Amino acid sequence: GMNDQETADIKLVEDSRTLEETRRKFPKAILLELTGGDFVDTEYFKPLGIPKDYDGIQISAWRRFKRHKLLVEGAAYLPQRKFIKFGHFFSGGRDLEEVLLKENILSLTRQISANIDYPFGHLRTNEGLPSKPEVINYWINRAKIGILTTKVEGLNRFKLECLAANVPMLVPSDVSTPTKKYIGEPTGILYEPTSRGLAE
């Protein structure tokens, strides 16, 4: 929504749709649009023409607002499909909450959905995770679609990397506006943010 801080000299505007209205309402404020740099390095993120051995991929940091459980429960509705998931720790593995979240998601996956691969699930830190763009692009290219489950997001780099690789996205309909940017035929669809909605 609109940055409605009355006393701010400088306003950071995340939702570009509110830019003109904010300018009219606060004519003396300096407005900085924060929709982000909508780009990735297409020297690295591009289609590779390799076999698609996964139906969906999710690369997402181990934070609660990313709603990892949504992917696991959605995948459980689709036992004939195959998914891959990995991500980093914001803390590098020093935050117990992040570590426990990852362990809980891996446990839930074993309980209800055996069709998600976690190739780096054994790691307790970020050491050993893919970090080079060409390697991340390789993993993305192995999937038919990219999947976001987050509710709170600004500029999502994973989404842009997938689109650059010609991999369409599933994006929850309740996520913030910048993350929904560019999503529509043929780049992907917005889904109801429930496990059934994601599965459909």
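Ala, Val, Leu, Ile, Met, Phe, Trp, Tyr, Cys and Pro count as nonpolar here, Asp, Glu, Lys and Arg as charged, and the others, Gly among them, as polar. With that in hand, the lining of the second largest pocket splits into 13 nonpolar, three polar and four charged residues. Keep in mind that this is a predicted model. Below is a quick tour of its pockets, its cavities, one pair of helices and one lysine.

**The largest pocket**
- Let's start with the open spaces: the largest pocket holds about 390 Å³.
- It is lined by 19 residues, and those closest to its centre are Ile59, Ser60, Ala61, His88 and Phe158.
- Helix α5, which covers residues 157–164, supplies the largest share of this lining, with three residues.
- Sorted by class, the lining of the largest pocket comes out as ten nonpolar, five polar and four charged residues.

**The second largest pocket**
- Next comes the second largest pocket, with about 320 Å³ of space.
- Its lining is made up of 20 residues, and Ile145, Leu170, Leu198, Ala199 and Glu200 are the ones closest to the centre.
- Several elements chip in two or more residues each: β3 (54–59), α2 (68–76), β6 (143–147), β7 (169–172), β8 (188–191) and α7 (195–199).
- The largest share of the lining of the second largest pocket is three residues, and they come from α2.

**The cavities**
- How many cavities of 30 Å³ or more are there? The count comes to two.
- The largest cavity has a volume of about 40 Å³.
- Around the largest cavity you'll find Trp62, Lys85, Phe86, Gly87, Lys102, Tyr118, Pro119, Phe120, Gly121 and Leu129.
- That lining breaks down into six nonpolar, two polar and two charged residues.
- The second largest cavity encloses about 30 Å³.
- Its lining residues are Gln58, Ile59, Ser60, Lys66, Leu148, Thr149, Thr150, Glu153 and Asn156.
- By class, the lining of the second largest cavity has two nonpolar, five polar and two charged residues.
- Two names may ring a bell: Ile59 and Ser60 line the second largest cavity, and both are also listed among the residues closest to the centre of the largest pocket.

**Helices α2 and α3**
- The axes of α2 and helix α3 (residues 96–112) come within 10 Å and cross at roughly 10°.
- Angles under 35 degrees count as roughly parallel, so α2 is roughly parallel to α3.
- On the α2 side, the contact involves His68, Lys69, Val72, Glu73 and Ala76, while α3 brings Leu101, Ile105, Leu108, Thr109 and Ile112.
- The contact between α2 and α3 is made up of six nonpolar, two polar and two charged residues.

**Lysine 102**
- Where does lysine 102 sit? Its place is in helix α3.
- Is lysine 102 buried or exposed? It is buried, because its relative accessible area is 6% and buried means under 20%.
- Lysine 102 is also one of the residues that line the largest cavity.
- Setting aside neighbours within four places in sequence, lysine 102 is in contact with Trp62, Phe89, Phe120, Gly121 and Leu123.
- Of those contacts, Trp62, Phe120 and Gly121 turn up in the lining of the largest cavity too.
- From C-alpha to C-alpha, lysine 102 and leucine 71 are 13 Å apart in space, and they are 31 residues apart in sequence.

Technical notes
Residues numbered from 1 in each chain as written. Predicted model: local features only at pLDDT ≥ 70, side-chain atom pairs only at ≥ 80, totals over all residues. Heavy atoms only, no water. 1 Å grid on protein atoms, 1.4 Å probe; cavity = no way out; pocket = protein on both sides within 12 Å on 5 of 7 lines; lining within 4 Å. Points joined across faces, edges and corners; volume = space filled by probe spheres on them. Helix = DSSP H or I, 4+ residues; strand = E, 2+ residues; numbered from the N terminus. Axes fitted to C-alpha atoms, helices over the stretch in contact; angles between N-to-C directions. Parallel < 35°, antiparallel > 145°, perpendicular 65-115°, else oblique. Contact = heavy atoms within 4.5 Å. Buried < 20%, exposed > 50% of the residue type's maximum accessible area, 1.4 Å probe, protein only.
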